[in-house]
Amino acid sequence: MAFLQFLITMGKVNWQSRLNKAAHHTSDYSSTEVILRRGQPFNISLNLKTTVQSWDNFTFIASTGPSPAESQQTKAIFTLSEEDDCGWSATQEPSEPRCLNFTILSPADAVIGRYKLQLQVLAGNKVSSKVLGHFVLLFNPWCPDDDVYMADEEERQEYVLNDSGIIFQGVEKDIEEEAWNYGQFEEDILEISLAILDRSLSHREDPAVDVSKRSSPVYVSRVISAMVNSNDEKGVVEGKWSGKFRSGTNPLRWSGSVTILRKWYRARYRPVRYGQCWVFAGVTCTVLRCLGIPTRVITNFNSAHDKNLNLSIDKYIDISGNNLHLSEDSVWNFHVWNESWFIRRDLGSFYDGWQVLDATPQEKSKGIYQCGPASTKAIKEGDVNLDYDSPFVFAAVNADCVTWIRYSKKRKERVYSDTRKIGKFISTKAVGSNSRVDVTANYKYPEGSLKERQVYRKALKLLGVRIPGKRSKIPRPRRRFSRAQPAQTPSISGKLLLDASPVIGQDILLTLTLRNLISDFKDIKVKLKASAILYTRKPKAEILQLHRSIKLGSEEVKEISFKISYSQYKNSLMDDRKILVTAVCQIKRGTSLLVEKDIVLQDPFLTLKVLGPAVVHKPVNVEVTFTNPLADEVTDCVLRAEGSGLLKEQLRIHVEKMAPMETSTVEFEIIPYRSGTRQLQVDLVCTHFSDIKGFVMLHVAPAQ
């Protein structure tokens with residue numbers, strides 16, 4: 001009866017919140033839950049109403065999931081002793097007569113998730129138990145025995161604890177930075193991240209088995225890559241790359257993950273409309289960092305989508321430069337995915353480190369839209385036979401790019417073959433700053449090097465693709481080309497150049513320069529075309545088409561100047577700023593020439609100024625200055641602001657109207673609630689032009 005009496009007289013359980021949060025690097029979570037990391041001891045204290053003399057017959061029980069079982073490592077039974085077979089252990093620390101202190105240690109490979117901790121007491125032949133409380137157990141990059149261990153503290157601060165970042169976009173010659181609010185520590189985000197795991201197909205098919213596999217970052221990250229898109233499992237974000245976005249949010253208008261995740265959760269798991277690649281990657285980064293897996297966002301410029309995995313991207317155009325949809329292959333101006341850091345017990349230690357994950361729904365893997373984790377080392381070495389989805393990622397950074405002009409069903413001409421175009425300036429945010437770091441060397445050897453050719457041919461062989469140079473019905477581009485070149489030696493060269501930096505609201509001035517490379521006289525028909533395009537390079541609308549004929553004498557150079565007026569493009573670029581200009585140059589009795597140029601229109605500057613020192617729990621004003629870039633009055637604009645640790649919900653300020661070219665200033669108040677370096681983002685949304693975005697980094701001092 002003494003032990004039963006103990007249970008009756010036991011008072012509150014003290015989870016030593018401040019001590020454990022600091023030790024486990026979980027102080028930033030805006031949650032009342034006990035949040036711990038596996039493989040690391042934590043402390044609890046039991047307050048008693050009476051003194052208990054003996055502690056020989058009691059046991060701790062830690063359990064997780066709907067059907068906890070020791071056989072599946074979802075239930076652990078351990079006593080005050082050395083480490084039990086389950087890997088969990090408990091020790092009693094120096095205690096007061098009515099306050100007992102314990103240290104509990106979970107194994108470094110424990111299942112992550114929400115746990116219940118019980119105390120079980122044996123009195124004679126009777127057993128009684130009491131729930132001591134609940135806690136959430138996360139991956140632990142600070143623990144050397146955890147699969148996600150990351151040795152460098154600055155990298156842990158960046159890839160686990162940084163709640164904001166930069167996602168690089170644009171084109172290879174004009175790389176832009178976009179701020180993104182990850183917000184993994186904001187209110188409800190941990191709850192939502194765990195809910196995402198519980199909504200997966202694997203969990204619905206067999207909850208007990210699914211939970212038991214959550215000890216592995218390979219498994220958890222793959223589930224997240226499937227659940228962030230909505231294609232199979234009614235996941236978080238619904239993708240859309242064409243048409244209008246009236247039934248949802250234009251992907252360009254998202255600035256962070258928090259609003260998206262909360263919207264999904266509050267709408268009872270209805271997919272949020274709409275996302276494109278950077279949105280999927282931003283949300284994935286939030287969830288994985290929240291769960292404790294070191295994660296970063298990667299941008300691959302000139303990213304190949306190789307539908308048939310033959311490592312050749314074939315593009316067909318007609319004699320006017322119009323895209324012919326004869327191939328499902330495509331090259332995107334950029335594509336954004338994630339890398340997460342963990343070891344690969346399934347592949348071997350050589351493949352440890354950064355692993356590619358891609359939540360953008362492009363191709364199915366094992367029957368559902370998911371991608372990765374694929375080891376970057378496997379990609380670099382051409383080991384495309386290894387799990388998961390390494391052929392798709394290898395093609396995205398290594399495929400050849402071939403352009404054909406199709407004159408008729410029976411006649412086509414290969415006018416362009418480039419072995420270096422794909423996989424350029426692979427980028428991520430630097431540790432500790434907003435600078436761009438080029439990580440291309442993590443994915444491939446230098447283009448044109450002997451090692452790069454060997455890896456390429458190794459991948460072709462593993463994929464079962466006929467190696468170039470051997471007999472085949474359709475000649476493939478030979479890897480020996482060291483630079484872009486047509487099938488035959490060109491007799492003319494061409495360049496498209498901008499006369500000035502293009503700015504939204506203004507005319508775009510261009511010049512096509514053609515040079516005769518030989519002494520023979522040339523008669524050339526030039527077909528110029530400009531189209532509004534998506535970042536996937538898919539045309540949205542034709543803007544301009546011009547035909548010109550010119551004659552070039554021996555080694556002569558001539559220029560064709562032309563403009564794309566604002567009136568021509570304004571209705572096609574209201575929600576994006578990308579134009580593709582093509583020039584098809586047909587030469588009598590000679591090889592045709594294709595010249596292309598991507599144009600990204602610049603936004604007018606938007607400036608932010610914090611009007612005073614930023615201190616936790618003290619209001620401070622922010623001033624935003626922006627300009628209407630158009631020669632027309634604009635109405636019904638909205639200024640949106642968000643930032644983790646600065647604003648708990650997205651702020652919206654209505655801007656009624658702005659006169660042509662008018663500069664306006666808006667002031668608003670923020671009350672920081674978390675110290676440290678913070679990112680404040682603003683976005684001017686208007687139906688008349690694409691969003692104007694800006695951000696500022698500010699240091700928030702602790703409360704005094």
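This is a walk through the main local features of the structure above, which is a predicted model.

Start with the interior. The largest nonpolar core has 62 residues. Those with the most contacts inside this core are Ile564, Ile579, Leu639 and Phe668. A second core, separate from this one, holds 60 residues. Val148, Ile167, Trp278 and Ala359 belong to that second core.

Ile564 is worth a closer look. Beyond its neighbours within four places in sequence, Ile564 is in contact with Asp507, Ile508 and Leu510. Its contacts also include Ala530, Ile543 and Leu544. Tyr569, Ile579 and Val581 complete the list.

Next come the sheets. One open sheet has three strands, in the order S26-S27-S30. The pairing is antiparallel. Which strands form its edges? They are strand S26, residues 492-498, and strand S30, residues 557-564. Each of them pairs on one side only. From one strand to the next, the twist averages 20 degrees. S26 and strand S27, residues 508-516, run antiparallel and are joined by seven bridges. One bridge can be picked out by residue: Ser493 has Arg515 in S27 as its partner.

Another open sheet has four strands. Their order is S29-S28-S31-S32, and the pairing is again antiparallel. Strand S29 (539-552) and strand S32 (593-600) stand at the edges. Each has a single partner strand, so one side of each is left without a neighbour in the sheet. The twist here averages 15 degrees from one strand to the next. Strand S28, residues 522-533, pairs with S29 over 12 bridges, in the antiparallel sense. Leu528 has Leu546 in S29 as its bridge partner.

Now the annotated positions. In an unreviewed entry, UniProt places the feature "binding site" at Asn398, Asp400, Glu447 and Glu452. Why can these four be said to gather at one spot? They span 55 residues in sequence, yet no two of their C-alpha atoms are more than 12.8 Å apart, so they gather at one spot.

Two of these positions can be placed in detail. Glu447 sits in the loop between strand S25 (436-438) and helix H12 (450-463). Its relative accessible area is 21%, so Glu447 is partly exposed. The cut-off for buried is under 20%. The side chain of Glu447 makes a polar contact of 2.9 Å with the side chain of Lys444. Glu452 lies in helix H12. Its relative accessibility is 4%, so Glu452 counts as buried.

Asn628 is a polar residue to follow through its contacts. Asn628 is in the loop between strand S35 (620-627) and strand S36 (634-643). Is Asn628 buried or exposed? It counts as buried, because its relative accessibility is 0%. Its side chain reaches two backbone atoms. One is the backbone nitrogen of Leu630, at 3.0 Å. The other is the backbone oxygen of Ala659, which lies 2.9 Å from a polar atom of the Asn628 side chain. Beyond its neighbours within four places in sequence, Asn628 is in contact with Glu633, Val634 and Phe689. Its contacts also include Met658, Ala659, Pro660, Met661 and Glu662.

The backbone holds some further details. Most residues other than glycine have a negative phi, and most peptide bonds are trans. Some positions in this model depart from that pattern. The peptide bond from Arg273 to Tyr274 is cis, with omega near 0 degrees. Tyr274 lies in strand S13, residues 272-275. A cis peptide bond also joins Gly372 and Pro373, with omega at about 5 degrees. Pro373 belongs to the loop between strand S20 (368-369) and strand S21 (374-375).

Positive phi values appear in the loop between strand S14 (295-305) and strand S15 (312-317), where Leu309 is found. Leu309 has a phi near 50 degrees, a positive value in a residue other than glycine. Leu311 is in the loop between S14 and S15 too. Its phi is about 65 degrees, positive although Leu311 is not a glycine. How exposed are they? Leu309 is partly exposed, with a relative accessible area of 28%. Leu311 is buried, with a relative accessible area of 0%.

Methods. Residues are numbered from 1 along each chain as its sequence is written. This is a predicted model: local features need pLDDT of at least 70, side-chain atom pairs count only at pLDDT 80 or more; totals for chains, interfaces and linings use all residues. Side-chain values use heavy atoms; hydrogens and water are left out. A nonpolar core is a set of buried Ala, Val, Leu, Ile, Met, Phe, Trp, Tyr and Cys residues joined through side-chain atoms within 4.5 Å. Buried means under 20% relative accessible area, exposed over 50%, partly exposed in between (1.4 Å probe, protein chains only). Contact means heavy atoms within 4.5 Å. Two strands pair if DSSP finds at least two bridges between them. Helices (H or I, at least four residues) and strands (E, at least two) are DSSP runs, numbered from the N terminus. Axes are lines fitted to C-alpha atoms, for helices over the stretch in contact, and angles run from 0 to 180 degrees between N-to-C directions. UniProt positions are given in the numbering used here, feature names are shortened, and annotations may be inferred rather than shown by experiment. A polar contact is a pair of N or O atoms within 3.5 Å; within protein, one must be able to donate a hydrogen and the other to accept it, and residues adjacent in sequence count only if both atoms are side-chain atoms.
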